[in-house]
Amino acid sequence: MPKNITNQIDKNNIPQHVAIILDGNGRWAKEKGLERIYGHQAGTEAVRRALTAAAKMGISYLTLYTFSTENWNRPQQEVNALMSLLVSSLRNELDNLMEKRVRLNIIGNIADLPDDCQKGLQEAIQATAANTGITLTLAISYSGRWEIVQAAKQLVRQIQSKQISEQEINEETFMKALNTFPIPDPDILIRTGGEYRISNFLLWQMAYTEMFFLPIMWPEFDGQHLHEIICQFQARERRFGKTSEQVQPC
Ligand code: IPE
Ligand code: IPE
Ligand code: MG
């Protein structure tokens with residue numbers, strides 16, 4: 001990777017929102033002859049590196065796919081270990097989040113989580129609520145289809161209670177019923193781990209997201225990878241359905 005990549009970034013064109021599917025923890029550990037949980041532990045260090053780099057670059061929103069609805073189907077021992085890791089990471093990282101002025105946010109079905117996880121998350125969210133730096137959103141017990149169904153149910157309730165009429169349902173009102181509101185759609189999706197799929201992440205929000213798939217495992221991710229992706233993002237032309245001529249500055 002080029003060394004002076006930071007210098008190539010256009011500071012006036014920093015993406016607002018970067019979303020990451022942090023995949024490959026288990027394989028990273030297995031390659032080293034370790035239990036999968038060591039990969040998850042190493043993954044928390046990569047989270048810290050990604051957050052530091054994103055905050056430094058002036059990215060406003062970083063959203064991390066931390067645990068999917070489907071991940072509940074993993075062996076109970078791994079699920080328990082992941083939940084314990086979540087609680088201990090929140091405790092260990094709180095000072096770091098405060099120092100970096102990070103605002104913590106959660107999307108997903110939090111009611112599914114064990115009580116100590118819910119408590120740890122609520123405490124960290126409250127403690128960081130007044131911070132004005134980057135918003136770190138953790139998607140936990142999250143799936144895009146679940147979120148869309150939740151939004152549909154919410155709108156049905158609003159119609160039944162006559163808060164809104166059926167005619168008022170459109171893309172904007174639907175978007176407002178999603179967990180991610182009022183965060184803008186991701187400009188960039190990064191997936192580590194070598195797979196080319198989105199595994200039920202932010203299905204509605206990624207309609208026009210630029211995607212980057214990396215062969216490296218998540219514990220290997222560092223700030224330099226993020227810099228390289230931002231450079232590549234800035235070289236892409238986002239047309240949103242228009243022609244190239246229409247979107248180019250005169
Ligand atoms: C991503 O790493 C973390 C979670 C899904 C919780 P994996 O645990 O999926 O690692 P691999 O893909 O099996 O290597
Ligand atoms: C996606 O990774 C979910 C998270 C990173 C939390 P998975 O490892 O669960 O995805 P699949 O099963 O390979 O699609
Ligand atoms: Mg995986």
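Helices, of at least four residues, and strands, of at least two, are DSSP runs numbered from the N terminus. The model shown in these views is predicted.

**Figure 1. A cis peptide bond precedes proline 182.** The close-up shows the loop between helix 6 (171-176) and strand 5 (188-191), where proline 182 is placed. The bond that joins phenylalanine 181 to proline 182 is cis, and its omega is near 10°.

**Figure 2. Ligand 1 and the residues around it.** Ligand 1 is surrounded by Leu22, Asp23, Gly24, Asn25, Gly26, Arg27, Arg36, His40, Thr66, Asn71, Arg74 and Leu82. Two polar backbone atoms appear in this view: that of glycine 24 is 3.4 Å from an oxygen atom of the ligand, and that of arginine 27 is 2.7 Å from an oxygen atom of the ligand. A side chain also takes part, with an N or O atom of arginine 74 lying 2.7 Å from an oxygen atom of ligand 1. On its own, ligand 1 has 370 Å² of accessible area, and the protein covers 88% of this.

**Figure 3. Buried and exposed residues of helix 4.** Helix 4 comprises the 14 residues 115-128. At 1.5 Å a residue, helix 4 should span 20 Å, and this agrees with the 20 Å between its end C-alpha atoms. Cys117, Gly120, Leu121, Ala124 and Thr128 are the buried residues of this view. They lie on the same side of helix 4, because the arc they cover around the axis is only 95°. An α-helix has 3.6 residues a turn, so residues three or four places apart point the same way. The buried residues of helix 4 pack against helix 3 (76-99), strand 3 (103-107) and strand 4 (135-142). Asp115, Lys119 and Gln126, on the other side of helix 4, are exposed.

**Figure 4. Surroundings of arginine 103 in strand 3.** Arginine 103 has a relative accessibility of 34% and therefore counts as partly exposed. Apart from residues up to four places away in sequence, arginine 103 touches Thr128, Ala129, Asn131, Ile134, Thr135 and Leu136. With one of these, alanine 129, there is a polar contact: a polar atom of the arginine 103 side chain lies 3.5 Å from the backbone oxygen of alanine 129. Aspartate 23 is 80 residues away along the chain from arginine 103, and the C-alpha atoms of these two residues are separated by 23 Å.

**Figure 5. Positive phi at arginine 101 and serine 141.** Arginine 101 is located in the loop between helix 3 and strand 3. Its phi is near 60°, a positive value in a residue other than glycine. With a relative accessible area of 44%, arginine 101 is partly exposed. Serine 141, a residue of strand 4, likewise has a positive phi, near 50°. Because its relative accessibility is 1%, serine 141 counts as buried.

**Figure 6. Glutamine 234 and its contacts.** Glutamine 234 belongs to helix 7, which consists of residues 223-235. With a relative accessible area of 18%, glutamine 234 is buried, since residues under 20% are placed in that class. When neighbours within four places in sequence are left aside, glutamine 234 is in contact with Gln8, Ile9, Asp10, Asn13 and Ile14.

Methods
Residues are numbered from 1 along each chain as its sequence is written. Chains are lettered from A and ligands numbered from 1 in the order in which they are written. This is a predicted model: local features need pLDDT of at least 70, side-chain atom pairs count only at pLDDT 80 or more; totals for chains, interfaces and linings use all residues. Side-chain values use heavy atoms; hydrogens and water are left out. The expected span of a helix is 1.5 Å times one less than its number of residues. Buried means under 20% relative accessible area, exposed over 50%, partly exposed in between (1.4 Å probe, protein chains only). The arc is that of the directions from the helix axis to the C-beta atoms. Contact means heavy atoms within 4.5 Å. A residue is near a molecule or strand if one of its heavy atoms lies within 4 Å of it. A polar contact is a pair of N or O atoms within 3.5 Å; within protein, one must be able to donate a hydrogen and the other to accept it, and residues adjacent in sequence count only if both atoms are side-chain atoms. Accessible areas come from the Shrake-Rupley method with a 1.4 Å probe; for residues, only the protein chains shown count as cover.
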